[in-house]
Amino acid sequence: MHFFPSLPKSSIGVNSCYIDRLPDDVLRMIFKLICEEDQATFYDYSMQNERRGRHWDDWETDYYYYQDIYAEGISDPPPSALISAMAVCERWNCLISQTPTLWTVLQISFGDGAASLEYTRTFLQRSGTHPLKITLLWNDPHNPFNGIPQRFSPSYASDPPASVNETVAGAYLVLIIMELHAHVHRWREFTLRTTSQTHLHQALLLISRPCDRPARMLEKLHLQLVHGQFDADPVHYGPLIFPGSASPINDLILFGMSWSWLSPTVFSSHLVNLRIHYRMSVHEDDRDTSTTAKVLSQLLGALVNLQTLALEVDMYPLATDIMSPIELPHLHYLAIKSWTMECWTANFLYNVHMPNLRVLVLDGVDCDFDLTEVDFEDILQELIRLTKEAPNSPLKLDELHLVNFTHRADPQLLHCLYKQMASVKVLTLGPAVSYTNDAWAIGLLPTPRGLADLPLPGLRTLLLFDVSRDIVRRIVLERLSLTGPLEELYYREEKDQENEDREEQDEIVPNDWQHQVEKYHRIGDMESERYCDVVNRRWSYLD
């Protein structure tokens with residue numbers, strides 16, 4: 001077995017006699033570890049088959065063409081180590097087959113083909129009555145909609161016809177969902193990821209069927225449609241999934257699909273973590289009336305125990321689309337990512353009450369083909385209002401992360417905001433167009449009034465992208481005498497090939513500032529420019 005790769009073949013017979021003496025309880029512990037290894041291997045497989053190391057929710061910049069290169073090196077799904085262990089001997093086969101707790105995590109993929117249906121049936125039979133954790137990865141790695149933008153332009157009116165493989169895969173998915181739905185009362189976790197709107201629609205229609213024993217055990221629900229980044233998400237006018245269920249869902253992801261699929265009872269006080277990624281149609285006639293900003297605010301208003309919220313939503317609110325006040329008393333983390341942030345975010349921040357918010361992420365989304373600066377002044381004004389001392393309790397953030405937040409802010413507005421954010425300890429000026437973060441970085445410089453007027457007086461960790469070297473040096477040295485050295489400085493030096501003069505200016509900046517921080521890190525290659533990877537510092541370092 002692969003647990004002992006260095007074991008010489010001559011000793012297998014000798015060691016196997018000792019293994020035969022192991023009691024059943026010890027073997028079950030070993031088999032449990034095998035199951036955990038299976039789960040880890042499946043996760044690694046899902047990552048390597050998603051655009052050669054890219055994430056399923058991270059898009060390519062060149063969205064007009066699908067490059068076949070991304071389909072190279074795609075491997076078959078890894079074999080199950082647990083299934084392999086069953087073939088070792090009759091005793092192991094019997095013990096594994098008769099231990100239901102070893103069959104509570106079902107992970108199958110598009111690449112399993114016909115075997116996926118038989119495995120699902122075996123899994124359901126052997127798991128007995130135990131709660132189930134189910135993951136169906138139906139994102140075809142060869143499909144151009146697998147997070148890789150389609151070869152057609154955004155104006156292409158309809159989807160290309162389904163391939164034979166996609167049709168066959170859809171048939172298998174339908175059969176698998178039918179088998180699983182008979183045990184929906186045992187679902188503890190359910191994740192479905194697909195690259196096909198048809199597959200997703202078929203699966204959700206099956207789940208929406210009435211059943212005698214509803215999904216009242218479900219705690220985690222992740223529904224993910226991986227598709228082109230500029231495609232409007234499908235409109236839904238059909239039935240609600242999990243009818244008659246009051247599922248205690250605490251972890252919910254809706255990616256590429258609207259919340260109109262779910263009963264309002266899903267948006268309950270049980271919900272702790274919520275991520276919604278939805279792109280509304282630009283045309284009013286094509287909009288789903290159940291996915292307006294007003295309806296979304298009504299649903300969020302019921303989530304009194306919500307702790308983390310990610311709204312990756314492109315909305316174009318109508319004049320009559322008035323958001324209701326929202327109370328989120330336990331919200332700790334809020335991320336907003338949107339191409340249309342200037343259309344709705346300020347209004348959202350105005351209507352939501354988040355007394356315990358500590359981490360705020362704002363991602364304006366990078367579009368290389370669109371160099372137009374977005375006016376975020378309304379958002380700045382709202383943040384200033386929220387952090388003002390009187391008359392209400394001010395917002396006291398620990399961390400502020402700005403990604404693709406390209407806007408030449410009014411220096412006075414920026415200074416006012418930074419000065420009021422006395423509690424912020426971590427600031428990120430994340431990836432953007434070259435040097436467009438300079439204005440935001442300059443706002444950190446002290447004024448002649450000294451400490452009493454210092455921007456972000458509590459700042460201890462600073463993450464800077466796309467800021468000129470001279471400005472970074474000034475921030476470090478000029479703040480040093482007032483607040484002492486920064487605890488950590490993370491900096492990625494931008495190489496602007498189109499602005500050679502700027503690069504030459506950076507090269508002559510003295511290197512007398514790096515040692516004036518307690519820990520200085522030069523950022524190398526990034527895992528991705530997703531805001532979550534920026535916030536969690538998933539990158540390599542340069543010497």
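Start by selecting aspartate 466, which is buried at a relative accessible area of 0%. The model on screen is predicted. Aspartate 466 forms a salt bridge with the side chain of arginine 492, at 3.9 Å from N to O. Add arginine 492 to the selection: this residue is buried as well, with a relative accessible area of 15%. Arginine 492 sits in strand 15 (residues 488-492), while aspartate 466 is in the loop between strand 14 and helix 13 (469-483), so the salt bridge ties together parts 26 residues apart in sequence.

Next, select arginine 530 and aspartate 533. Their side chains meet in a salt bridge, 3.1 Å from N to O. Arginine 530 has a relative accessible area of 11% and is buried; aspartate 533 is buried too, at 0%. Which residues does the network here join? Extend the selection to Arg538: salt bridges with shared partners connect Arg530, Asp533 and Arg538 into one network. In total, the structure holds 16 salt bridges.

Another of these pairs is aspartate 453 with lysine 419, whose closest N and O atoms are 3.2 Å apart. The two residues are 34 positions apart and link distant parts of the chain: aspartate 453 belongs to the loop between helix 12 and strand 14 (461-465), and lysine 419 to helix 11. Is each partner buried or partly exposed? Aspartate 453 is buried, at 6% relative accessible area, whereas lysine 419 is partly exposed, at 35%.

Lysine 419 leads to helix 11, so select residues 411-420 and look at the side chains. Within this helix, Leu413, Leu414, Leu417 and Tyr418 are buried. Viewed down the helix axis, the buried residues fall within an arc of 125°, so they line one face. An α-helix has 3.6 residues a turn, so residues three or four places apart point the same way. Turn to the other side of helix 11 to find Pro411 and Gln412, which are exposed.

To see what covers the buried residues of helix 11, show helix 10 (377-387), strand 13 (426-429) and helix 12 (438-442), which are among the covering elements. Then zoom in on the start of the helix. There, a side-chain oxygen of aspartate 410 comes to within 2.8 Å of the backbone nitrogen of glutamine 412.

Now move to the nonpolar interior. The largest nonpolar core has 123 residues, and the members touching the most others are Phe190, Phe267 and Phe348. Select phenylalanine 267 and display what surrounds it. Setting aside neighbours within four places in sequence, phenylalanine 267 contacts Leu252, Leu254, Trp259, Leu262, Leu274, Leu299, Ala302 and Leu303. A separate core of 16 residues lies apart from the largest one; among its members are Tyr333, Leu463, Phe465 and Tyr490. In soluble globular proteins, nonpolar side chains tend to be buried together.

Finally, zoom out to the whole chain. Its secondary structure amounts to 15 helices and 17 strands. Of the 543 residues, 50% are buried. Among contacts with a separation of 6 or more, 79% are between residues 24 or more positions apart. Colour the surface by element to end the tour: the accessible surface comes to about 25400 Å², and carbon and sulfur atoms account for 52% of that area.

Methods
Residues are numbered from 1 along each chain as its sequence is written. This is a predicted model: local features need pLDDT of at least 70, side-chain atom pairs count only at pLDDT 80 or more; totals for chains, interfaces and linings use all residues. Side-chain values use heavy atoms; hydrogens and water are left out. Buried means under 20% relative accessible area, exposed over 50%, partly exposed in between (1.4 Å probe, protein chains only). Helices (H or I, at least four residues) and strands (E, at least two) are DSSP runs, numbered from the N terminus. The arc is that of the directions from the helix axis to the C-beta atoms. Contact means heavy atoms within 4.5 Å. A polar contact is a pair of N or O atoms within 3.5 Å; within protein, one must be able to donate a hydrogen and the other to accept it, and residues adjacent in sequence count only if both atoms are side-chain atoms. Accessible areas come from the Shrake-Rupley method with a 1.4 Å probe; for residues, only the protein chains shown count as cover. A nonpolar core is a set of buried Ala, Val, Leu, Ile, Met, Phe, Trp, Tyr and Cys residues joined through side-chain atoms within 4.5 Å. A salt bridge is a side-chain nitrogen of Lys or Arg within 4 Å of a carboxyl oxygen of Asp or Glu.
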